[in-house]
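Here is a short set of questions to work through with the model open beside you. Take them in order if you like, and keep an eye on the structure as you go.

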Amino acid sequence: MTDGTVLAVETACTELAGSAPAETVRVRNGPKTAVYRVRLADGRPVVVKLFAADTTHGANDEARLLAAVAAAGLMRVPAVIGHGPVPGLAVSALVTADAGTSTLGDAVRAGQMPRPAALLRLALLMAAFHSTKAPAGVPLAPGIGQQVSALAAHCPRQVFLRLAPALEVIAAGARMERLVWCHGDLHLENVVHGGDRRLTVGEHGRPRLPDYLVDFEAATVEVPEYDLAQTLVTCDALEPSDRVFMAAAYGRPVDTRLLDAYVAFQAVRGWTYAAHREGRDRDAWAARLHLALPPQPGRTDP
């Protein structure tokens, strides 16, 4: 988004949260969304997320998603303070309570939590999210058919052809009765600690998770393997032992053949848009592509 985001943050805080910003720190600034951590003049710490006018998923949509998750009571999400169009500007804004600055990724990097423990939390959060009913009327991410069509238009042909066997498995495994609400981007940086790092047992024997789940831009309705594969790819958990561990920790039926096919799809999709088109994290995505989609005889990885 443009430099006008600073004005948008100020206006959003004043109009939607009822207080001007006293301190503002940019967390992320992308082409469609921008995120700022703000301390308001009245002392409240908040997070302001801005959405460009041409996004298919806006502030009001994400507020409804957060409300649906909160109502289900299976996991924690930041409380919504205000949302809607920013007066005088072509953006919308979502203002939420600041759940904290430390993510699961931070905890792993600081040596405060073993990586398997962090992956376990992701799997438990995913199972809880998949048990939550998607709210009606909220635009969700494109289905797998649209995603494959878009990928074919941007992915180099030699890489896309290697994906064909996986796409056949995905097409055969698309059963309506198995569809769930998928987060679409559940990784270590999209889970914020809520204080206590311990897992406890809650109602009906379910684990009580002290963490907050954030960032619902990629939410969609798909089979669970779609979501699990995205997490495996973005968390660099692609070794066979990682896949088995995450599937077991998830605790719900998983089609391992379909999971492997979606891992290949998610790796090719991530590599295409991040490394090939935008030039970001090329080495990391090349490694993921190699593990998810081994090269055919006589070929080398891109």
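**A walk through the sheet and a helix pair**

Leu50 has 0% relative accessibility, so this residue counts as buried. The model behind that value, and behind everything below, is predicted.

Q: In which strand does Leu50 have its place?
A: Buried means under 20% relative accessible area, and Leu50, at 0%, counts as buried. Its C-alpha atom is separated by 5.4 Å from that of Thr33, although the two are 17 residues apart along the chain. The place of Leu50 is in strand 3.

Q: Which residue of strand 3 is the bridge partner of Thr33?
A: Strand 2 and strand 3 run antiparallel to each other and are paired over seven bridges. Within this pairing, look across from Thr33 into strand 3: the bridge partner there is Phe51.

Q: Which residue in strand 5 stands opposite Phe51?
A: Strand 3 (residues 45-52) is joined to strand 5 (residues 91-97) by seven bridges, and the two run antiparallel. Opposite Phe51, in strand 5, stands Ser92.

Q: What is the order of the strands in the open sheet?
A: Strand 1 and strand 2 pair in the antiparallel sense over seven bridges, and strand 2 pairs with strand 3 in that sense too, over seven bridges. Strand 3 is in turn joined to strand 5. The open sheet has five strands with antiparallel pairing, and their order is 1-2-3-5-4.

Q: Which strands are the edge strands?
A: An edge strand here pairs on one side only. With the order 1-2-3-5-4, the edge strands are strand 1 (21-29) and strand 4 (80-85).

Q: Is strand 2 largely enclosed or open to the outside?
A: Strand 2 has eight residues, and six of them are buried. That is why strand 2 is, with respect to the rest of the structure, largely enclosed.

Q: Which residue of strand 2 stands opposite Glu23?
A: A hairpin of three residues joins strand 1 to strand 2, and these strands pair antiparallel over seven bridges. Opposite Glu23, in strand 2, stands Arg39.

Q: Which residue takes a positive phi in the hairpin of strand 2 and strand 3?
A: This hairpin has four residues between the strands. The positive phi there is near 95°, and the residue that takes it is Gly43.

Q: How are helix 8 and helix 10 oriented to each other: roughly parallel, roughly perpendicular or oblique?
A: Helix 8 packs with helix 10 (residues 256-277) at an angle of about 55°, and the axes are 8 Å apart. Angles under 35 degrees count as roughly parallel and 65 to 115 as roughly perpendicular. The two helices are therefore oblique.

Q: How many nonpolar residues are in the contact of helix 8 with helix 10?
A: Residues of helix 8 including Tyr226, Leu228 and Leu232 meet residues of helix 10, among them Leu259, Tyr262 and Phe265. By class, this contact has two polar and two charged residues, and the nonpolar ones number eleven.

Q: How many of the residues of helix 8 are buried?
A: Helix 8 (residues 224-234) is mostly covered. The buried residues include Pro224, Asp227 and Thr234. Of its eleven residues, the number buried is eleven.

Q: Which residue with a positive phi follows helix 8?
A: The phi in question is near 55°. The residue that follows helix 8 with this value is Asp236.

How values were computed: Residues numbered from 1 in each chain as written. Predicted model: local features only at pLDDT ≥ 70, side-chain atom pairs only at ≥ 80, totals over all residues. Heavy atoms only, no water. Buried < 20%, exposed > 50% of the residue type's maximum accessible area, 1.4 Å probe, protein only. Pairing = 2+ DSSP bridges. Axes fitted to C-alpha atoms, helices over the stretch in contact; angles between N-to-C directions. Parallel < 35°, antiparallel > 145°, perpendicular 65-115°, else oblique. Contact = heavy atoms within 4.5 Å. Nonpolar A, V, L, I, M, F, W, Y, C, P; charged D, E, K, R; others polar.
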